[in-house]
Amino acid sequence: RKQLYAGKATKKRRRGDAWQYLVHYSGWGNKYDEWVNEDLLYPDTDESRRVAASLRNSVPTDKQGKKKSNKEEQADAMAEDVEDDHLIQFIIPHTLQTHLLKEADFIKDGKVVALPRKPCVRQVLHDFIKFKAQSSDEMLQVEKEILKDMNDSLLSYFDKALGMMLLYKEERGQYNKWREGNAGVAQCDFYGTEHLLRLVAK
């Protein structure tokens with residue numbers, strides 16, 4: 001299973017065009033040390049812990065009472081009290097997990113995205129619903145209604161969540177300035193895929 005585990009890079013080497021690091025996993029013997037490509041390593045940050053939580057939530061709960069390995073217990077610890085009873089679970093591809101971590105570094109360097117975003121969150125979800133509806137000629141009316149309800153719920157949730165949990169402190173100034181100059185405008189019409197991905201990863 002794809003998870004994030006705590007460890008320390010002890011050596012590095014060059015293999016072709018890529019760097020590899022010898023990783024020693026916390027709580028494991030040296031015989032489990034392994035060489036890992038650089039693009040599969042994450043710094044120990046709040047964002048990487050949120051990704052770890054997302055990965056843990058994407059795996060069905062073990063109902064057989066089996067004893068967990070040390071690595072699984074480490075992954076549980078990184079989940080930071082994330083609840084496991086969500087009705088809807090999203091599996092975030094590795095490429096998008098990597099994007100989230102790199103984006104966090106850019107923002108902490110003061111490189112916030114310009115507003116308004118195109119496409120905005122509303123347009124992205126609209127295009128997704130349209131694609132799903134057109135890709136299946138046999139979609140039932142009730143399925144179309146479910147998609148519409150999901151779209152409306154995500155838009156509403158995004159607008160409520162953005163200011164509370166989707167911004168880095170470096171983005172607060174931009175957010176407050178935007179709110180002052182755009183009273184009454186829905187946030188899903190100004191922000192885009194970057195912040196929508198953060199919502200999904202939550």
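Colleague: Let's start with the overall fold. Among contacts in the protein between residues at least 6 apart in sequence, what percentage join residues at least 24 apart?
Modeller: Happy to help, and please keep in mind that this is a predicted model. The contacts in question are between residues at least 6 apart in sequence. Of these, the share that joins residues at least 24 apart is 65%.

Colleague: In what order do the elements run from the N terminus on?
Modeller: The protein has seven helices and three strands. Starting at the N terminus, the order of these elements is β-β-β-α-α-α-α-α-α-α.

Colleague: How much of the protein is buried?
Modeller: On the outside, the protein exposes about 13600 Å², and carbon and sulfur atoms supply 52% of that area. For the inside, we look at the 202 residues of the protein and ask for the part that is buried. That part comes to 33%.

Colleague: Now to helix packing. How are α5 and α7 oriented to each other?
Modeller: Two packed helices are described by the angle between their axes and the distance between the axes. Here the axes of α5 (residues 141–165) and α7 (residues 193–201) come within 11 Å and cross at roughly 95°. An angle of 65 to 115 degrees has its own class, so α5 and α7 are roughly perpendicular.

Colleague: Which residues of α7 meet α5?
Modeller: Let's take the α5 side before the α7 side. Helix α5 brings L154, Y157, F158, A161 and L162 to the meeting place. Their partners in α7 are H195, L196 and L199.

Colleague: Which residues does G163 contact, leaving aside its neighbours within four places in sequence?
Modeller: G163 is also found in helix α5, and at 15% relative accessibility it counts as buried. Its C-alpha atom is separated by 7.9 Å from that of Y175, twelve residues further apart along the chain. With the neighbours within four places set aside, the contacts of G163 are R172 and Y175.

Colleague: Turning to charges, how many salt bridges are there?
Modeller: The rule asks for a side-chain nitrogen of Lys or Arg within 4 Å of a carboxyl oxygen of Asp or Glu. One pair that passes is K148 with D152, whose closest N and O atoms are 3.0 Å apart. By this rule, the count of salt bridges is five.

Colleague: Where do K148 and D152 lie?
Modeller: D152 is partly exposed, with 34% relative accessibility. The two residues are four apart, about one turn of the helix. Both of them lie in helix α5.

Colleague: Is E103 buried or exposed?
Modeller: E103 forms a salt bridge with R198, and their closest N and O atoms are 3.4 Å apart. The pair links distant parts of the chain, with E103 in helix α3 (residues 94–108) and R198 in helix α7, 95 residues apart. R198 counts as buried at 6% relative accessibility. The relative accessible area of E103 is 7%, under the 20% cut-off, so E103 is buried.

Colleague: Which residue is linked with E103 and R198 in a network of salt bridges?
Modeller: The bridge between E103 and R198 is the pair we have just met. The network also takes in a further residue, and that is E171.

Colleague: Which residue forms a salt bridge with R122?
Modeller: The closest N and O atoms of this pair are 2.6 Å apart. R122 lies in helix α4 (residues 121–134) and its partner in the loop between α6 (172–181) and α7, so the pair ties together parts that are 67 residues apart in sequence. R122 is partly exposed at 36% relative accessible area, and the partner is partly exposed at 31%. That partner is D189.

Colleague: Which residues make the nonpolar surface patch of about 290 Å²?
Modeller: One of its members is V142, found in helix α5. V142 has a relative accessible area of 47%, so V142 is partly exposed. The patch as listed consists of L140, V142 and I146.

Colleague: One last thing about the backbone. Which residue is joined to P119 by a cis peptide bond?
Modeller: Most residues other than glycine have a negative phi, and most peptide bonds are trans. In the loop between α3 and α4, where P116 has its place, a cis peptide bond joins L115 and P116, with omega about 0°. P119 is placed in the loop between α3 and α4 too. Its cis peptide bond, with omega also about 0°, joins it to K118.

Key: Residues are numbered from 1 along each chain as its sequence is written. This is a predicted model: local features need pLDDT of at least 70, side-chain atom pairs count only at pLDDT 80 or more; totals for chains, interfaces and linings use all residues. Side-chain values use heavy atoms; hydrogens and water are left out. Patches are made of residues with over 30% relative accessible area and no salt bridge: like charges are joined within 9 Å, nonpolar side chains (Val, Leu, Ile, Met, Phe, Trp, Tyr) within 5 Å. Accessible areas come from the Shrake-Rupley method with a 1.4 Å probe; for residues, only the protein chains shown count as cover. Buried means under 20% relative accessible area, exposed over 50%, partly exposed in between (1.4 Å probe, protein chains only). Axes are lines fitted to C-alpha atoms, for helices over the stretch in contact, and angles run from 0 to 180 degrees between N-to-C directions. Angles under 35 degrees count as roughly parallel, over 145 as roughly antiparallel, 65 to 115 as roughly perpendicular and the rest as oblique. Contact means heavy atoms within 4.5 Å.
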